[in-house]
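Please open the structure in the viewer and keep the sequence panel at hand. The tour proceeds by selections, each followed by a note on what is found there.

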Amino acid sequence: MTENAKVALITGASGGIGREVSMGLASEGYALSLAARSRDRLEALADEISRISEEGVPLVSAGDVSVPEHAERVVAETIERYGRIDLLFNCIGIYRTGNWKMDPTDFKEQISINVMGVFNIVRSVIPQMLKQGSGHIITVASRRGKIADAEEGAYSASKFAVVGMSEALHRELTSKGIKVTVLCPGWVNTPMVKDATFPKQEMISPRDILETVRFLMKLSPAACVKEVFIEPRNDIS
Ligand SMILES: NC(=O)c1ccc[n+]([C@@H]2O[C@H](COP(=O)([O-])OP(=O)(O)OC[C@H]3O[C@@H](n4cnc5c(N)ncnc54)[C@H](OP(=O)(O)O)[C@@H]3O)[C@@H](O)[C@H]2O)c1
C-alpha cells in the first residue's frame, strides 16, 4: 500500500452498486478490501482492479456477513493487511417481494441479511475508527427505508431498520470524528431489480451512487451528511 492511500472496506462489492463504487474508488487511489459471498465474482473484480490501481490486488473476503464470526473476520483481515479503515461502504442486501402472507422463513432471511449483515460489520469496524479518531460509514438503505410499499413489506421493514440504525450511529459517533451517512435511492439499474416492471432506462444509474460517494468523501471534516435520498425522476409518488 502506498503511503497516502486511503483504505475502503466494501461489502456487497460483487453486486451492481458495490462493483461500480469499488472500481471508482480504486481509480482514485483507494486500497480496497472487498466482501460478498461469491468468491469467483470477487476475485474477477479484484483482478480487474489490480490492472487500474497502484495499490495492487485488493483483499478479497468471501462469505456471509450475516454470520457475526465471518463479519469479524472480514474486518480483522482488513486491519491486518492495511492497518486502518477510512471508509466502510455497506452495500450488501437481498430483495424479497411479498406482503403479510410471506413465509416467516423468507421474512427472517430478509431481516437477517439486510439488517444483521450491516450491524455485524459496523460493530466490528467502529472500534478501529474510534482508535483512529476518524472514518466514514456509508450504508446503502433504500427509498423503501423512507416510503414503504405494500408488496415489499419485509424489504421495507429491513430498510427502515437500516435507516434507523444509521441515524443512531450518526448521533453517537459524529462528535468522535466518525461520519455516518445513509443512502436512500429508488430504483437503481442493477441485477437485483432485473425483473422490475419500472423501465430500466428510467432507473438511477450505479454511477450516480458512485458520484454521491465521491461527493461525500470530498467534504471537509466539518461537514456531515446524515442522509441522501435519491429518487428516479419518473417515480415520485
Ligand atoms: N437496485 C436497486 O434498485 C436498489 C435500490 C435501493 C437500494 N438498493 C440496495 O443497494 C444495495 C446493493 O444492491 P444492488 O442493487 O447492487 O444489488 P446486487 O447486485 O444484488 O448486490 C448485492 C450485493 O450484496 C452481496 N450480498 C448479499 N447477501 C450477502 C451476504 N449475506 N453476505 C455478504 N454479501 C452479501 C451480493 O453478493 P453475493 O450474492 O455474492 O453475496 C452482492 O454483492 C442493497 O443493499 C440493495 O438493497 C438497491
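Which residue in β4 does Leu-9 stand opposite? Select Leu-9 together with β4: the residue opposite is Leu-88. Please bear in mind throughout that this is a predicted model.

Next, select strand β1 (residues 7-11) and strand β4 (residues 87-90), which pair in the parallel sense over four bridges. Then widen the selection to the open sheet of seven strands, whose order is β3-β2-β1-β4-β5-β6-β7 with parallel pairing. At its edges are β3 (59-62) and β7 (227-230), each of which pairs on one side only. On average, and with direction ignored, neighbouring strands of this sheet are turned by 15° against each other.

Now add the helix α2 (residues 39-50), which packs on the sheet and touches β2 (31-36) and β3. The direction of α2 makes about 165° with that of β2. Select helix α5 (residues 153-173) as well; α5 lies across β5 (135-140) and β6 (178-185), running at about 155° to β6.

For the interior, turn to the largest nonpolar core, which has 57 residues. Among the residues touching the most other members are Ile-10, Phe-89 and Ile-121. The largest share of this core, seven residues, is supplied by α4. Select Ile-10 to see its contacts beyond four places in sequence, including Val-21, Leu-34 and Cys-91.

Finally, select the ligand and the 31 residues around it, of which Gly-12, Gly-15, Arg-37, Ser-38 and Gly-93 come nearest. Two or more residues of this shell come from each of α1 (16-27) and α4 (104-132). By class, the shell comprises 16 nonpolar, twelve polar and three charged residues.

Note on methods. Residues numbered from 1 in each chain as written. Predicted model: local features only at pLDDT ≥ 70, side-chain atom pairs only at ≥ 80, totals over all residues. Near = placed C-beta within 6 Å. Nonpolar A, V, L, I, M, F, W, Y, C, P; charged D, E, K, R; others polar. Core = buried A, V, L, I, M, F, W, Y, C linked by C-beta atoms within 7 Å. Buried ≥ 20, exposed ≤ 12 C-beta atoms within 10 Å, placed from the backbone. Contact = placed C-beta atoms within 7 Å. Pairing = 2+ DSSP bridges. Axes fitted to C-alpha atoms, helices over the stretch in contact; angles between N-to-C directions.
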